[in-house]
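User: Hi! Could you walk me through this model with some questions and answers?

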Amino acid sequence: MEKQNPVAKVLRIIGFAVMIGGFILAAIEGPVESDGGYNGGMTLTVLFSSFVTGMLFIGFSEVIALLQKIYLRLSQNSSSDHAMSNDRKEIEEPQVQKDWQLSPLYLDAIHEVYPGQNVKILATPFEDYCVVQIEGEENIEVLELGGFKPMKITADSEPKLFHKIQEWFSNRPSQGI
């Protein structure tokens, strides 16, 4: 059974109550006028405004309910992804693409990861992965560029990929970046 958000439930109830209350108010007060005539303008105004207001409440409740479903799905996926992370690493191998260049957009994003540091950047033969070396340091860092922001890949997070790229970097004909 899915957990329902109590705020969404309350907003939905308020929305229906406003619509029903507006209908009742229009039915009782609309036709009666002080001189005994019919006040159709008042009836339509109350009906329309209560309908719109009620639908806004129901709409907001639906948005909250959908966000709750997304949250629950993501939390379930992250726990199953964590449990199956070793299987995923075996399946997802980076594609080798020998002649790809870093776009200016990627370069800017990488420089945002290392603000104020002089870095040397090299595209690897693995698609969406690059090597970064900070000036004055011998170690390299591996970045994945396939997401919204560059993400550092470490030997702990993805050991097979990291060691593959490190091995490629060490065996290149020209040492250094």
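Analyst: Happy to! Helices (H or I, at least four residues) and strands (E, at least two) are DSSP runs, numbered from the N terminus. This is a predicted model, where local features need pLDDT of at least 70 and side-chain atom pairs count only at pLDDT 80 or more, while totals for chains, interfaces and linings use all residues. Residues are numbered from 1 along each chain as its sequence is written, and side-chain values use heavy atoms, with hydrogens and water left out.

User: What pattern does the protein chain follow along the sequence?

Analyst: The protein chain holds 5 helices and 4 strands. Read along the sequence, their pattern is α-α-α-α-β-β-β-β-α.

User: How much of the protein chain is made up of buried residues?

Analyst: Buried means under 20% relative accessible area, exposed over 50%, and partly exposed in between (1.4 Å probe, protein chains only). By that rule, the buried share of the 177 residues in the protein chain is 26%.

User: Which residue forms a salt bridge with Arg 12?

Analyst: A salt bridge is a side-chain nitrogen of Lys or Arg within 4 Å of a carboxyl oxygen of Asp or Glu, and the count comes to 2 salt bridges. For Arg 12, the closest N and O atoms of the pair are 2.7 Å apart. Arg 12 lies in helix 1 (residues 6–29) and its partner in helix 2 (residues 40–83), so the pair ties together parts that are 50 residues apart in sequence. The partner of Arg 12 is Glu 62.

User: Is Arg 12 buried or partly exposed?

Analyst: The relative accessibility of Arg 12 is 22%, so Arg 12 counts as partly exposed.
Its partner Glu 62, at 36%, also has the label partly exposed.

User: Which residue meets Lys 152 in a salt bridge?

Analyst: The N to O distance of this pair is 3.4 Å. Lys 152 sits in strand 4 (residues 151–153) and its partner in strand 3 (residues 141–144), 11 residues apart, and the pair links distant parts of the chain. Lys 152 is partly exposed at 43% relative accessibility, and the partner is partly exposed at 24%. That partner is Glu 141.

User: In which sense do strand 2 and strand 3 pair?

Analyst: Two strands pair if DSSP finds at least two bridges between them. Strand 2 (residues 129–134) and strand 3 have 4 bridges, with Val 132 opposite Glu 141. They form a hairpin with 6 residues between them, and Gly 136 in the turn has a positive phi of about 90°. The sense of their pairing is antiparallel.

User: How many bridges join strand 3 to strand 4?

Analyst: A hairpin joins these strands through 6 residues, and Glu 144 stands opposite Met 151. Strand 3 and strand 4 run antiparallel, and the bridges joining them number 3.

User: Which backbone oxygen does the side chain of Ser 50 reach?

Analyst: Ser 50 is found in helix 2 and, at 9% relative accessibility, counts as buried. Leaving aside neighbours within four places in sequence, Ser 50 is in contact (heavy atoms within 4.5 Å) with Val 18, Met 19, Gly 22 and Phe 23. At 3.1 Å, its side chain reaches the backbone oxygen of Leu 47.

User: Is Phe 60 buried or exposed?

Analyst: Phe 60 has its place in helix 2. Its relative accessible area is 52%, so the label for Phe 60 is exposed.

How values were computed. Polar contact = N/O pair within 3.5 Å; in protein donor to acceptor, adjacent residues only side chain to side chain.
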